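Let's walk through a protein together, one step at a time. Have a look at the picture and turn it around before reading on.

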Amino acid sequence: MCILKGGVHTKIALKHKMKKSIIWLLTIVMALTFGALLYFQIMYLENMVKMREGQFSESVMRALSATADFLERQETLHYLEEDALAMQTNQTGEYALEYTPQNGHPSGGTLTYPSPTASISGRYRDIQEVIRMQYLYQQELLNEVILTIMRDSGSRPVIQRADSTMLRERLTTELRNNGLQVPFAFSIADKKGNLIYSTGDYDTEAPQGEIYTQPLFQHSDSSYMLLLEFPTKRNYIFSSVRFIIPTLAFTLILLVVFLYTIILAFRQKRLTEMKTDFINNMTHELKTPISTISLAGQMLSDPSVRKSTSMLEHLSGVITEESKRLRFQVEKVLQMSVFDNSTSAALKLTTVDADKIISGVVKNFKIKVEKFGGQLTCRLDAKDSAVRVDEMHFTNVLYNLLDNAVKYMREEVAPELEISTRDIDGRRLEIRVKDNGIGIKKDDLKRIFDKFFRVSTGNRHDVKGFGLGLAYVRKMVTMFDGTIRVESEPGEGTTFIIELPLAVEDNE
């Protein structure tokens, strides 16, 4: 029968372990999936931003190059117009159709019409010669313009060569032609980087990577730099990829919801396991005294037993003790109702002398400690021990702490318990319950006040309980407007420290 029971428990444990392993596996898979999804979304967003920045920079450089070419064409046109105007001023007569160079130089001479009496072939040759000489003449004019640009352009002020109004209009046009309608600011700098002029919204402290540069008039003897910046570039680029941000936010929300769901699932699973252990413990704790009382009742029905006075007294004592034990277990179960009451309406708060109640508890509990060969000492050092509590629940709190101290004592070591009081700053009463038991592990310290939680006892299997005692203690202390904390080292013992507000108003 015992083997069968152990086998059943083993199967249940393996089943729970398998369920936990499946939950962990699903958690890891989902976490990796969400992590990969977030990673790819972030990488996609980053690549989209880089691509948009590359497209933006390429469009800007095309616009700058076109603007620089436009300025050079404008400068060439300027000198051509000057030469044409000078040529018109120096003209003194009409040009004939036939051209005769002067002193062998094509830049001077006269044009005359061919003779009407000349043959057709002769006139054709004359026309060809005239065209050739015109070409040479125009080429010489262009050469003179080029020489003038090379000689005189350097001395021309850059403000005239690159007028700010014209430059802004041209930049706007070229940027629009390249698909960009973004606010910009620009400046002109010399070879050394000194600004010659700039627009009012140009930021001289902008990062170097945010400024686009283009050489101007680089074929002349003086070179300038056109500097262009976009104050709203980041907003423009991110506005083009903003549709990705909501998907990223939704993924993060799903990840948070998933993690929260997993945490709730583990909490619920742990609570279910604790409740299962509680039911098993309660069944065992209630079944034992009931079985004993039932057995004693059956023995009393035997006439031979009823004739023995000593046997009757023994059975009567057994029934009485087991009835007390059963009543105590039922009261422990009924303590659960306290956790469902979120208010202090069910408490009967009165001002009591804590030292007096502690003395009574110590007197009654000392017998149980001495039964194990130990001792219980009491040091009441508080000058003022008046507190406002429910006397019955306050007494139960003390009994629970002392009962835990005996329950978790070390094997073959006599229990040494000490309960002491002292007042703190004349406003609070401190109660310490100290023992030399097995102590509490660091991992268990955070959970000892949780409902249904029981401290692991290693190889010891004789520790009974429902895991409600310390949860009940904290609930009551909290409802008394007090606090409770624990200090413990494995193998050295545990100290519970309760602080309650003094009933100062009752002492005035």
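Is R234 buried, partly exposed or exposed? R234 has a relative accessible area of 39%, so it counts as partly exposed. Keep this residue in mind, since we will come back to its partner further on.

Before that, a word about what you are looking at: this is a predicted model. The average pLDDT of the protein chain is 76, and 73% of the residues score at least 70. Some stretches do less well. Over residues 1-10, pLDDT stays under 50, and the model has 0 contacts there beyond four places in sequence. Residues 458-463 also stay under 50, though for them the model has 10 such contacts. Where pLDDT is low, the predicted coordinates should not be read in detail.

Now for the overall build. The protein chain contains 13 helices and 13 strands. It has 508 residues, of which 34% count as buried. Among contacts with a separation of 6 or more, 70% are between residues 24 or more positions apart. As for the outside, the accessible surface comes to about 31500 Å², and carbon and sulfur atoms own 58% of that.

Let's go inside. In soluble globular proteins, nonpolar side chains tend to be buried together. In this model, the largest nonpolar core has 41 residues, and F394, I431 and L500 have the most contacts inside it. Several elements give two or more residues to this core, including the helices α10 (354-371), α11 (391-407) and α13 (469-479). Strands contribute as well, among them β9 (386-390), β11 (428-434) and β13 (493-501). Try finding F394 in the picture: leaving aside residues up to four places away in sequence, F394 touches A354, I357, V389, I431, F480 and L500. Apart from this core lies another one, of 25 residues, which includes V60, L175, Y212 and L228.

Nonpolar residues can be found on the surface too. W24, I28 and L32 form a nonpolar patch there, and together they have about 340 Å² of accessible area. I28 is part of helix α1, which covers residues 2-90. Why does I28 count as partly exposed? Its relative accessible area is 47%, and the partly exposed class runs from 20% to 50%.

Next come the charged residues. A search of the whole structure finds 11 salt bridges. One of them brings us back to R234, which pairs with E53; their closest N and O atoms are 2.4 Å apart. This pair links distant parts of the chain, with E53 in helix α1 and R234 in helix α5 (residues 233-239), 181 residues apart.

Which residues form salt bridges with R379? One is D381, with the closest N and O atoms 2.8 Å apart. Another is E418, where the closest N and O atoms are 3.4 Å apart. E418 lies in strand β10 and R379 in strand β8 (residues 375-380), so this pair ties together parts that are 39 residues apart in sequence. Through shared partners, the salt bridges join R379, D381 and E418 into one network. How accessible are these residues? R379 is partly exposed, with a relative accessible area of 38%. D381 is partly exposed at 46%, and E418 is partly exposed at 24%.

Note on methods
Residues are numbered from 1 along each chain as its sequence is written. This is a predicted model: local features need pLDDT of at least 70, side-chain atom pairs count only at pLDDT 80 or more; totals for chains, interfaces and linings use all residues. Side-chain values use heavy atoms; hydrogens and water are left out. Helices (H or I, at least four residues) and strands (E, at least two) are DSSP runs, numbered from the N terminus. Buried means under 20% relative accessible area, exposed over 50%, partly exposed in between (1.4 Å probe, protein chains only). Contact means heavy atoms within 4.5 Å. Accessible areas come from the Shrake-Rupley method with a 1.4 Å probe; for residues, only the protein chains shown count as cover. pLDDT is the predictor's confidence in each residue, from 0 to 100. Patches are made of residues with over 30% relative accessible area and no salt bridge: like charges are joined within 9 Å, nonpolar side chains (Val, Leu, Ile, Met, Phe, Trp, Tyr) within 5 Å. A salt bridge is a side-chain nitrogen of Lys or Arg within 4 Å of a carboxyl oxygen of Asp or Glu. A nonpolar core is a set of buried Ala, Val, Leu, Ile, Met, Phe, Trp, Tyr and Cys residues joined through side-chain atoms within 4.5 Å.
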